[in-house]
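Me: Please take a close look at one part of this model, a single tyrosine and its surroundings. Please also set that part in the context of the whole chain.

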Amino acid sequence: MALCRLQVTDFRCLQSIDLQLDPEFTLISGANASGKTSLLEAIYMLGRGRSFRTRRLDHVIRRGAELFRVFGEVDAGASRIPLGIEGSRDGVHARIAAAPAKSLADLALALPVQIIDPEVHKLIEDGPYYRRRFLDWGVFHVEQGFIESWQRYRLILRQRNAALKARQARAAVVAWDQALIPQADALTDARMRYIDQLQGPAAAMARSLLGKDLELRYRTGWAKDQALAEALAQSWPQDQERGSTQLGPHRAELVVQIDARVAKDNISRGQQKLLAAALLIAQLKLFPADAVRRPTLLLDDPAAELDQVHLAALIAEVSGGVNQLVVTTLQAEFSAFGTPGRRCRIADGVLSEG
Ligand SMILES: Nc1ncnc2c1ncn2[C@@H]1O[C@H](COP(=O)(O)OP(=O)(O)O)[C@@H](O)[C@H]1O
Ligand SMILES: [Mg+2]
């Protein structure tokens, strides 16, 4: 089961594209600025409801157009599931099997997609937000019910923060805590269970790609030895001063340690790229074998980022059939991955065979 067809309209430089994908490995070659990253971005948009390059929809809509459309077909054995997303400056709308999707989470379930691109080191280098997002995408795909806890938590947090911002009395603010805390605990437990599962594959992958020891730790977003209720009570002055809730799983951190030190401060940019790739690949390997969909892994110009040895190691890890692969490359004769099931060229946003 894989994404077998992709149609893209008015997305960045892609005016109109119709691509048949191989269930295992599709290779797309093209010169600089030909539209390679845009094509991967369109696939990502279909599975995530957002871009990995920008938050601004007006940047991805083709200049001069009003909206973009991305349509895909997922091979589900006996049938094909059509998925679609269209975006205007006002937002995105998703459809699954011709009906409007209830939420983007439905799309994400139908098309789990992950990207390793030249910016992948941000997962290690940037703030905790990126690592929480990484973590939550993984938990979402292995634990039913996680998304409901997340959505409820976010809703209650927003109301609590609105009460703080409006300078409401303490009783009116903490009235939200009774509903907030069970959701916070559910989120925290699910994330911790997931990290326990991820630790093994992630360490194996870090060993294989970097030759180093990896350890994952979770910081809950409040003091370790306290219950959240107690922590929230203590942070009232700070909450009141800042006008928002300072503690909770929305402030959690996934701490990535290499050789017992925090990775982001102790390894080079190149090592950060490999480490981030190791985490992302480990996450794909954790996908339940009975999942409705195999994940699709997008690799944006990996040959430009990695030397031969590391490229070969990466390839060995992602070619096992756990995921569908879509790879871009500058060099059409790119042979590092063996023989792709499908090969195409892109030039000025237009696809051709070969
Ligand atoms: N909204 C847009 N409308 C039209 N063209 C765009 C838009 N955004 C980016 N582009 C153009 O798309 C081209 C291809 O970009 P990209 O997909 O990043 O190429 P590649 O990855 O092959 O180097 C660039 O020339 C860029 O200027
Ligand atoms: Mg590119």
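Reply: The account below starts with the chosen residue and then widens to the whole protein.

This is a predicted model, in which local features need pLDDT of at least 70, side-chain atom pairs count only at pLDDT 80 or more, and totals for chains, interfaces and linings use all residues. Residues are numbered from 1 along each chain as its sequence is written, chains are lettered from A and ligands numbered from 1 in the order in which they are written, and side-chain values use heavy atoms, with hydrogens and water left out.

Tyrosine 218 belongs to strand E9, residues 214-219; helices (H or I, at least four residues) and strands (E, at least two) are DSSP runs, numbered from the N terminus. With a relative accessibility of 15%, tyrosine 218 counts as buried. Here buried means under 20% relative accessible area, exposed over 50%, and partly exposed in between, for a 1.4 Å probe and protein chains only.

Leaving aside residues up to four places away in sequence, tyrosine 218 touches Leu135, Thr188, Arg191, Met192, Ile195, Pro249, Ala252 and Glu253, where contact means heavy atoms within 4.5 Å. Isoleucine 195 is 23 residues from tyrosine 218 in sequence, yet their C-alpha atoms lie 7.7 Å apart. With arginine 191, the side chain of tyrosine 218 forms a polar contact of 2.7 Å. A polar contact is a pair of N or O atoms within 3.5 Å; within protein, one must be able to donate a hydrogen and the other to accept it, and residues adjacent in sequence count only if both atoms are side-chain atoms.

The wider chain gives the setting. The protein has 14 helices and 15 strands. Its radius of gyration is 21 Å, close to the 20 Å that the globule rule gives for 354 residues, so the protein is as compact as a globular protein of that length. That radius is taken over C-alpha atoms, and the rule is 2.2 Å times the number of residues to the power 0.38. Along the principal axes, the C-alpha trace spans about 65 × 50 × 40 Å. Of the 354 residues, 51% count as buried. Among contacts between residues at least 6 apart in sequence, 70% join residues at least 24 apart.

Two loop residues complete the picture. Alanine 98, between strands E6 (91-96) and E7 (99-100), has a positive phi near 75 degrees and is exposed at 59% relative accessible area. Arginine 167, between helices H6 (146-165) and H7 (170-174), has a positive phi near 55 degrees and is exposed at 60%.
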